[in-house]
Amino acid sequence: MSSLTVASRQSSSSPEPSAWNVPYHRNIHFTGRHDELADLRKSLVSNDPARRVQVICGLGGVGKTQLALEYVYRNKDQYKIIWWINADEPATLALGYAKLATQIGMKVPEGTSLDDIRHALRRKLNERDDWLLVFDNVAGVDDIKNY
């Protein structure tokens, strides 16, 4: 069983996202799942911080990635930052997260550790309310709790 985690902070609409790295095109054949999309939206815009992190889990091939992808495309005008992170390997996860720091204009001195970048980026994101992160292929919640 694998999972996909979506986390956001969002309060107002934006034009186009200024940081975007969604690796897939929208699935023009996506249908149904209206209730799941509505529940996801309701949770991600909640005032309750605990609800703004959602885990979509299930067996491979049930459509977790497609559900998150459809949510992203339907709501992309609500976020300035939409960042898709492949989380199947710790190194890939850390590097994908660190790339977001430079994408949003954070100055990262050469030689800065990925842990230091992670801490600084978390602080920066906590100052904002216009981001959506998608952690794809997460083996377990413990793998991303520090992100």
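These legends walk through several close-up views of a predicted model.

**Overview: one chain, helices and strands.** Let's start with the whole protein chain, which has four helices and five strands. Reading along the sequence, you get the pattern β-β-α-β-α-β-α-α-β. Of its 147 residues, 41% count as buried. The accessible surface of the chain adds up to about 8300 Å², and carbon and sulfur atoms own 49% of that surface. As for contacts, take those between residues at least 6 apart in sequence: 78% of them join residues at least 24 apart.

**Close-up 1: strand β4 and its two pairings.** Here we zoom in on β4, residues 81–86. The strand is mostly covered, with five of its six residues buried. Which strands does β4 pair with? One is β2 (residues 19–20), in the parallel sense, over two bridges. In that pairing, look for tryptophan 20, which stands opposite isoleucine 82 of β4. Another is β5 (residues 130–138), where the pairing is also parallel and runs over six bridges. To find your place there, go to asparagine 86, whose bridge partner in β5 is aspartate 136.

**Close-up 2: the two sides of helix α1.** This view takes in α1, which spans residues 34–44. Its buried residues are Leu37, Leu40, Ser43 and Leu44. Seen down the helix axis, these buried residues fall within an arc of 130°, so they line one face of α1. Swing round to the other side of the helix and you meet His34, Asp35 and Lys42, which are exposed.

**Close-up 3: serine 43 and its neighbours.** Staying with α1, we now pick out serine 43, which lies in this helix. Is serine 43 buried or exposed? Its relative accessibility is just 6%, and buried means under 20%, so serine 43 counts as buried. The serine 43 side chain makes a polar contact with the side chain of arginine 51, at 3.1 Å. Leaving aside residues up to four places away in sequence, serine 43 touches Arg51, Arg52 and Gln54. Arginine 51, then, turns up both as a polar partner and in the list of touching residues.

**Close-up 4: lysine 107 in the loop between α3 and α4.** Next comes the loop that links α3 (90–103) and α4 (114–126), where lysine 107 is found. Lysine 107 has a relative accessibility of 77%, and the cut-off for exposed is over 50%, so this residue counts as exposed. What separates the C-alpha atoms of lysine 107 and isoleucine 117? The answer is 9.8 Å, for two residues that sit ten apart along the chain.

**Close-up 5: positive phi at arginine 33 and asparagine 137.** Finally, a pair of backbone spots to check. Arginine 33 has a positive phi of about 60°, although it isn't a glycine. You'll find arginine 33 in the loop between β2 and α1, and with a relative accessible area of 27% it is partly exposed. Asparagine 137 is another non-glycine residue with a positive phi, this one near 65°. Asparagine 137 belongs to strand β5; its relative accessible area is 35%, which makes it partly exposed.

Technical notes
Residues numbered from 1 in each chain as written. Predicted model: local features only at pLDDT ≥ 70, side-chain atom pairs only at ≥ 80, totals over all residues. Heavy atoms only, no water. Buried < 20%, exposed > 50% of the residue type's maximum accessible area, 1.4 Å probe, protein only. Polar contact = N/O pair within 3.5 Å; in protein donor to acceptor, adjacent residues only side chain to side chain. Contact = heavy atoms within 4.5 Å. Pairing = 2+ DSSP bridges. Areas by Shrake-Rupley, 256 points an atom, 1.4 Å probe, with all protein chains shown as cover. Arc of directions from axis to C-beta.
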